[in-house]
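Colleague: I'm new to reading protein models. Could you walk me through a few features?

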Amino acid sequence: MNMACIGDADPFTAAIPATKVELTVSCRNLLDRDTFSKSDPICVLYTQGIANREWREFGRTEVIDNTLNPDFVRKFILDYFFEERQNLRFDLYDLDCKSDNLSKHDFLGQAFCTLGEIVGSLGSRLEKPLIGIPGKKCGTIVVRAEELSNCRESVLLQFCGNKLDKKDFFGKSDPFLVFYRSNEDGSYTICHKTEVVKNTLDPVWQAFKIPVRALCNGDYDRSIKAEVYDWDRDGGHDFIGDFSTSYREMSRSQSQFHIYEVLNPKKKGKKKKKYQNSGTVTLLSCLVDTELSFLDYIRGGTQINFTVAIDFTASNGNPSQPTSLHYMSPYHLNDYAMALRAVGEIIQDYDSDKMFPALGFGAKLPPDGRVSHEFALNGNPQNPYCSGIEGVMEAYYQSLKSVRLYGPTHFSPVINHVARYASAVTDGSQYFILLIISDGVITDMAQTKESIVNAASLPMSIIIVGVGPAEFDEMIELDGDEERISSQGRYAERDIVQFVPFRDYIDRRGNHILSMARLAKEVLAEIPDQFLSYMRTRGIKPGPLPPPYTPCPPPALHPLLCRRVSRI
C-alpha cells in the first residue's frame, strides 16, 4: 500500500452510501380470481435499469391467503437517491400453486411509479389504481415509505493513543489515525482521517463527527479498521499498527472507555516472543445523534417549487436550422429539451400541484418586438404556470415559433423573479429550485453575482446547465465550489449554484436516456445538502407528520379476511 496516498487522502472523496427507505405495501379491492374463495395475493417489486431500461425483479412479499385487501408484512428496502429517477413497478398475482414461476399464477394488476413519487407524497404515502387488465377495475395499491433510522444517525468519536511506537530518529512520532469501513467483498474504503498530533507517543486527537452510514453502511456489526501512522513530511508515512472494531462495539462504550491494542503484523510475526503491541488507542467518547434528513422535511410537507428559465438569445442559431441548439428534430430532443426533461421529471415528484413557472430570456416578443429578459413561455405574464413537465415542453416549443431570438444574455432578471417568491415563504414550508439553461457568455455578470449573493439567504437553489460547444468560464465562476461567490465585498451565505456543461454527460453512443440520467444525477446531487443547510441555519424543524394512515377494509368483508398489519 502506498503510504503517501494514505496521508494525502481526502475523507470526503469516499462516497457515502445513500440513505435507505423501507416500503410497505397494502392493496384494496383486488380482483377475485378464485372460484370458491378469495384470491391469495403476492406483490412483486421490479426496478428499472437506467441504461437499458430493463425491468429486474427486486423482491416479493409473502403470500396472504384468502383476501382481497392484503396488508403485506414483508418490506422492500431500497437505496434512495434524490438525484435519480428510480422507476418502480408493482405486480400483483393470485398464487394458485407453489411454483416460483409467475406465469403459472393469475395476474391481478400492476402499478408504475417512482420512488420520488412515494416519498414526495403527503406523509410519504402513495395510493394508485392497479391497471393491466382491460375492462376490469383491478383495485388500488397503497405504498408507504419510511427512512431507516440507522441511516440518519451520526456519531461523535474521540480517541487518544498511549505508548505508541517511536518512529522518528530525532524525536517522537507524529501520529494520526485512518479509519476504513469494510465492504461486502472484503475490501476496505477510507471514511475518515484524523489530524496529525506532532511529537508525542501519547496523542489526544480532536473529536470528529461522522455519519453512521459512512462508517458502516448502516450495518452495526460490520468491521471497521483503524490504522495508526507516523506522519512524515515527504508523504512516506510509517505504519505503526492497526486495530479493528465495529460500530456496535464502539456504541457500547458510551459509559466507559474502550481500549484497543495497536498491533503490527510484521513485528508480531518476526519479532520476539516479547512483542505485545505497538501501543494502545482508547476510545474516550462515543456520542450518537440522530440528524434531521431531507426526507424528514419532505414527509413533513415541505414542497419543492421548480422554475425553468431558457436562453432565447441569437447565439443559439436559427431554430429552423439543424445546426441550431433550439432545432426541433422530429427524431430526438434537442439539448434544451433533454436538460429540461432530465431535471424536471425528477423534481416534479416533490411538487403536489405539478404547476411550474416557465420563463425565457433574451428574445424579442410579439407584437412590438421589445426585448425581454423575463417572459412567460406560455405568453401569459400574469400566470406563467404550465401543467407538468409536458406543459413546460409544449410552452417551450410554442415560444420558439412566436418569439425572435435576440440578446444579450442576462441571468439576473430570472434569478430575481424566483427570489421574490422565495423571500415571501421563509418558514420552511417551501423550497425553490431555478433551472437556467443557456448556451454561453453572461453579459450581466456583476448583477448576476449580486442576485446570487442575495438569493443565498433564501430557501432557493440555482442549477445552470450549459449547452453547446462554448467556453463556460463565467458560469464555472458562479458555481461556488472552489471559491464562495461575492458581490461588492459581500459573500454568499451559502453555496446555492450548481453548474454543469451538458456536453460532459452526453452518451457517445447516442443513448439520450442515459445522457439525461447522467446530467440529472450530477446537477441534483447537491440539492438535498443545500436544502438542509438553509433549514439548519434558520433553525427550521420539519412540519408535523400527517395522521398515520389506517387501512380500512370495505365494511361488507368478513373481519377475519381483513388482518391488519401494524404500521412501520
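Modeller: Sure! Keep in mind that this is a predicted model. Let's begin with disulfides: a disulfide is a pair of cysteine sulfur atoms within 2.5 Å.

Colleague: How many disulfides does that rule give here?

Modeller: The count is 0. Take Cys 27: its nearest cysteine sulfur belongs to Cys 43 and sits 6.0 Å away, so with a cut-off of 2.5 Å Cys 27 is in no disulfide.

Colleague: And why is Cys 138 without a bond?

Modeller: Because the closest cysteine sulfur, in Cys 27, is 11 Å from the sulfur of Cys 138, and that's too far.

Colleague: Are those two buried or exposed?

Modeller: Buried means under 20% relative accessible area. Cys 27 has 0%, so it counts as buried, and Cys 138 is buried too, at 2%.

Colleague: What about strands? How do I read strand E24?

Modeller: Here's a general idea: in a regular strand, side chains alternate between the two faces of the sheet. Now the case here: E24 covers residues 430-438, and 8 of its 9 residues are buried, so the rest of the structure largely encloses it.

Colleague: Which strands does E24 pair with?

Modeller: Strand E17 (residues 303-311) runs parallel to E24, joined by 8 bridges; Gln 303 stands opposite Gln 430 there. E24 also pairs in the parallel sense with strand E25 (residues 460-466), over 7 bridges. In E25, Ile 464 is the bridge partner of Ile 436.

Colleague: Which helix goes with E24 and E25 in a β-α-β unit?

Modeller: That's helix H10 (residues 445-455), and the unit is right-handed.

Note on methods
Residues are numbered from 1 along each chain as its sequence is written. This is a predicted model: local features need pLDDT of at least 70, side-chain atom pairs count only at pLDDT 80 or more; totals for chains, interfaces and linings use all residues. Side-chain values use heavy atoms; hydrogens and water are left out. Buried means under 20% relative accessible area, exposed over 50%, partly exposed in between (1.4 Å probe, protein chains only). Helices (H or I, at least four residues) and strands (E, at least two) are DSSP runs, numbered from the N terminus. Two strands pair if DSSP finds at least two bridges between them. A crossover is right-handed if, with the strands pointing away from the viewer, the path from the first strand over the helix to the second runs clockwise.
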